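Biologist: Could you take me through the packing of the helices in this one, slowly, and with the cut-offs spelled out? I'd like a close look at what sits against what.

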Amino acid sequence: NKAVEETLNQEAINWFASLISGCVHTSFLHHTSASSSSSSDGDNIEEEEKTTSSDTQQEGSSSSSRKKKKPKIVVIHGAGSFGHHSAKRYGLQCGKQAVLSGGASPHPDSSSNLQMSKRYQMEALSKTRHSVQKLNAAMVQTLLDYGVNAVGISPGVSIPGMRAYGSSSSSSSSSGGAAAMDLLCESICQSLDAGLLPVIHGDACLLDDNDAGILGGDTLVEGLVGCSYNTKMKEHVRNVIFITDVAGVFSSDPKRNSNARLIRSLKVDMMTGEVAIDDNNSEEVGKMEIGGSSHAHDVTGGLKAKLGAAVTAVQCGKDVIIVQCCSTSAEKFVQGHDPSTVEEGTVITRKL
């Protein structure tokens, strides 16, 4: 049922757009909106960059006793019910070649145990991508309604050489994922310089010339914080904030275990990438059941994938925060409050 699948949580999107409109530098606001707030912000405030995502991540600046600088913001969001249902129905998964996942095949000459035909894979790609682009359009429209000059960016087939996670061509070749990610970074930086707030979405795209796959928002985070384009993204991104459906990282799934403990601080070993709880024990997160989104239609890895992206971001010198959507804690993190003053959320930093 498409109506059930493509369910827009307008309340959450309104909350997010309102939050961003109050945090972003005035150069990204409509003329009328900027004029009304320019007396308090000033047009000559030095800008910082930060990356934000409604479903996955965002960046924030540190707080201080003086007026905070208002940042540049990049939004990266996932697909939610607008892409994951379609992807799962067609067998598209993050990091795997698309195969039928079971059940009746829409093509008489295929089975659940056979690789999809190229035509069927392209059908999967196009329909999944079309679905998530609807969500992207809704995000952009709501930001526009709140006075933000937002622009949607689709990374999949729009960026030459961009490939799904797990592609054999996503390594260091000039036409591979690294070069494609640099092109995406260039597009983002040009948008920011022009006063446009980029809104990028997780996407369905080519895995290779004949197969389709998933390029999740978490994979985009990893690529963007580590990209080499003019060093702008790598040097100017301050924080990464994942805004998700749980209050942070828990010791076990809080939806199944009422005794699950919210972990407020995690430390990343810069050499090994191992993640440990920042308290008196050295228990590694890898040995725990990571609490997070348990949506059956999620094809991108849930909170475990976000932790993987968080490790990469920390190793690139960024602090990472995982916090719940529509919460006061999320608002404070985005506004740049000191993490020690925020009630919930998990802060992930480097191990000294």
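Modeller: Here's the helix packing, followed by the core and a couple of single residues.

Bear in mind that this is a predicted model, where local features need pLDDT of at least 70 and side-chain atom pairs count only at pLDDT 80 or more, while totals for chains, interfaces and linings use all residues. Numbering starts from 1 along each chain as its sequence is written, and side-chain values use heavy atoms, with hydrogens and water left out.

Take helix H6 (residues 177-194) and helix H7 (residues 217-225): their axes come within 9 Å and cross at roughly 80°. That makes H6 and H7 roughly perpendicular to each other (the band is 65 to 115 degrees; under 35 is roughly parallel, over 145 roughly antiparallel, the rest oblique). Axes here are lines fitted to C-alpha atoms over the stretch in contact, with angles from 0 to 180 degrees between N-to-C directions; helices are DSSP runs of H or I with at least four residues, strands are E runs of at least two, numbered from the N terminus. H6 brings Met-181, Leu-184, Cys-185 and Ile-188, and H7 answers with Leu-220, Gly-223 and Leu-224 (contact means heavy atoms within 4.5 Å). By class, that's 6 nonpolar, 1 polar and no charged, with Gly counted as polar.

Leu-184 and Ile-188 turn up again in the largest nonpolar core: along with Leu-197 and Ile-348, they touch the most other members of its 71 residues. A nonpolar core is a set of buried Ala, Val, Leu, Ile, Met, Phe, Trp, Tyr and Cys residues joined through side-chain atoms within 4.5 Å; buried means under 20% relative accessible area, exposed over 50%, partly exposed in between, using a 1.4 Å probe and protein chains only. Leaving out residues up to four places away in sequence, Leu-197 touches a list including Ile-20, Phe-28, Leu-143 and Val-151. Apart from that core lies another of 9 residues, Ala-124 and Ala-212 among them.

Now helix H2 (residues 10-23) and helix H10 (residues 328-335): their axes come within 10 Å and cross at roughly 25°, so the two are roughly parallel. Trp-15, Leu-19 and Cys-23 in H2 meet Ala-330, Glu-331, Val-334 and Gln-335 in H10, a mix of 5 nonpolar, 1 polar and 1 charged. In the loop between strand E12 (319-324) and H10 sits Cys-326, with a positive phi near 65° despite not being glycine; Cys-326 is partly exposed at 41%.

Finally, Asn-136 in helix H5 (residues 118-145) is buried at 7%, and beyond four places in sequence its contacts include His-77 and His-201.
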